[in-house]
Amino acid sequence: QGVAGTSASSPVVAGIFARLNGLRLAKGKPPLGFLNPLIYKNLAAFQDVKLGKNGGGGMLGFGFRAVDGWDPATGVGTPNFEALVGVVMKMYGESDEGVEASLVV
């Protein structure tokens, strides 16, 4: 049986933001801290999910549909790692020059 939903996405997104913090720390920059303002001010760094529906926990057809923009099923969408590297390395006027955006450590 496969893994889906928040059981799959939460650890992946946590890993992405941990890697972004690692890139910042490697350049002597502070960690990101509370992420909500960063996320909602940089929606272009996420791929909006516009189709689909969550199962509502198996509650007989209940659940939430994905729509254009934020929705309860997919939030702001899936993170675009390379776009987020540009965002987090340019915070507070910082440069992303010389930052390797590879997921490979």
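**Exercise 1.** How many salt bridges does the structure hold? Identify the side chains that take part and place them in the fold.

*Solution.* The model is a predicted one. The structure holds one salt bridge. Its partners are the side chains of Lys 50 and Asp 68, at 3.8 Å from N to O. This value satisfies the criterion that the nitrogen be within 4 Å of a carboxyl oxygen. Lys 50 and Asp 68 both lie in the loop between strand 1 and strand 2 (78-79), so the pair ties together parts that are 18 residues apart in sequence.

**Exercise 2.** Classify Lys 50 and Asp 68 by relative accessible area.

*Solution.* Exposed requires over 50%, and buried requires under 20%. Lys 50 has 48% and is therefore partly exposed. Asp 68 has 61% relative accessibility, so this residue counts as exposed.

**Exercise 3.** Describe the largest nonpolar core and determine which helix supplies the largest share of it.

*Solution.* The largest nonpolar core has 17 residues. Those with the most contacts inside it are Phe 17, Leu 20, Leu 32, Leu 38, Phe 46, Leu 84 and Val 88. At least two residues of this core come from each of helix 1 (6-26), helix 2 (36-41) and helix 3 (81-89). Helix 3 supplies the largest share, six residues.

**Exercise 4.** Which residues form a nonpolar patch on the surface, and where is Leu 43 found?

*Solution.* The patch consists of Tyr 40, Leu 43 and Trp 70, which together have about 360 Å² of accessible area. Leu 43 is found in the loop between helix 2 and strand 1 (46-47). Because its relative accessibility is 45%, Leu 43 counts as partly exposed.

Conventions: Residues numbered from 1 in each chain as written. Predicted model: local features only at pLDDT ≥ 70, side-chain atom pairs only at ≥ 80, totals over all residues. Heavy atoms only, no water. Core = buried A, V, L, I, M, F, W, Y, C linked by side-chain atoms within 4.5 Å. Buried < 20%, exposed > 50% of the residue type's maximum accessible area, 1.4 Å probe, protein only. Helix = DSSP H or I, 4+ residues; strand = E, 2+ residues; numbered from the N terminus. Patch = residues over 30% accessible without salt bridge, like charges linked within 9 Å, V, L, I, M, F, W, Y side chains within 5 Å. Areas by Shrake-Rupley, 256 points an atom, 1.4 Å probe, with all protein chains shown as cover.
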